[in-house]
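The following exercises ask the reader to classify ring contacts, backbone angles and surface features from computed values. Please attempt each task before reading its solution.

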Amino acid sequence: MRDSIMTYLMHKGLEDSMAFKIMEIVRKGNATKLLTEEHFKAMREHNVPEWYIDSCMKIKYMFPKAHAAAYMIAALRLGWYKVHKPTEYYAAYFTVRSENIDGALLMQGHNAVKTRMNQIKQMQAAHTSTDKDDKDYATLQIVNEMMARGVEVLPVDIYRSEAKTFRVEDGKIRLPFSSLAGVGDAAADALAEEGKKTSEYLSIEDIQIKTKVTKAVIETLASVGVLKGIPESSQMSLF
């Protein structure tokens, strides 16, 4: 750690300001350019070993101890949640990193996820995978890990799903509207907001009128079973 350079030089008897200047030059990787004869003289006069001086000349960058400690604390916190609160961990993870999530695939279950991973793996082996395929595979690895640990996923629900947040519900993770390809942010927001206000939609037509989403969004919802059981029109037939 770069702090150690300054404290070591101060321990050897260098003035605080001199020790600080040397540390700043060394930690940025500029020792070969910016260390002067005055710096070398100060270190040698205070019996700093030649091997230590030579090491300073080779350093390219040094991380601050406080930053390293902060990152380690964050890593320990993440690790604790991943081990002891997996449902909450994965819900938070995918809420932040959901750009490559395919909600329709997750709704089909663990086997569907593993099948898709194998398909991408074969394309990668044949060098035919796209950049999107590779990113999807990286995301599916986390999904596979989550499902293998027994964390279950609840399907997108017209009344219960959030716009973009993967919400913990009954010990499982409820998929948001945005996890479905073709449902943009504006549509997801409208669906989530209206779903919270409406006790029951009269029809698919009613959903579209209240949320003002496009026909394409309605078709996406219908294709994955989100609108199952909801009639097409609010009109009643007399026959």
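The exercises below concern this predicted model.

**Exercise 1.** Determine how the rings of W80 and Y81 are arranged, and state whether each residue is buried, partly exposed or exposed.

*Solution.* A pair of aromatic rings is described by the distance of the centres and the angle of the planes. The structure holds 8 aromatic pairs. For W80 and Y81, the ring centres are 5.2 Å apart and the planes meet at 85°. Pairing requires centres within 6.5 Å, and an angle over 60 degrees counts as edge-to-face; the pair is therefore edge-to-face. As for accessibility, the range between 20% and 50% counts as partly exposed. W80 has a relative accessibility of 44% and is partly exposed; Y81, at 45%, is also partly exposed.

**Exercise 2.** Classify the pair formed by F94 and F166, and identify which parts of the chain this pair ties together.

*Solution.* The centres of the F94 and F166 rings are 6.0 Å apart, with 40° between the planes. An angle that is neither under 30 degrees nor over 60 counts as tilted, and the pair is accordingly tilted. F94 belongs to helix α7 (residues 86-96), whereas F166 lies in the loop between β1 (153-154) and β2 (167-169), so the contact ties together parts that are 72 residues apart in sequence. Buried means under 20% relative accessible area. F94 has 2% and is buried; F166 has 5% and is likewise buried. Finally, F94 and F166 join Y89, Y90 and Y93 in one aromatic cluster.

**Exercise 3.** Locate N47 and K212, and explain what is notable about the phi of N47 and of K212.

*Solution.* Most residues other than glycine have a negative phi. N47 is not a glycine, yet its phi is positive, at about 60°. K212, also a residue other than glycine, has a positive phi near 60°. N47 is placed in the loop between α4 (37-45) and α5 (50-58), and K212 in the loop between α12 (204-211) and α13 (215-223). Exposed means over 50% relative accessible area. N47, with 60%, is exposed, and K212, with 70%, is exposed as well.

**Exercise 4.** Which residues make the nonpolar surface patch of about 350 Å², and where is F63 placed?

*Solution.* The patch is made by Y61, F63 and Y71. F63 is found in the loop between α5 and α6 (65-84). Patch residues need over 30% relative accessible area; F63 has 31% and is partly exposed.

Conventions:
Residues numbered from 1 in each chain as written. Predicted model: local features only at pLDDT ≥ 70, side-chain atom pairs only at ≥ 80, totals over all residues. Heavy atoms only, no water. Buried < 20%, exposed > 50% of the residue type's maximum accessible area, 1.4 Å probe, protein only. Helix = DSSP H or I, 4+ residues; strand = E, 2+ residues; numbered from the N terminus. Patch = residues over 30% accessible without salt bridge, like charges linked within 9 Å, V, L, I, M, F, W, Y side chains within 5 Å. Areas by Shrake-Rupley, 256 points an atom, 1.4 Å probe, with all protein chains shown as cover. Salt bridge = Lys/Arg side-chain N within 4 Å of Asp/Glu carboxyl O.
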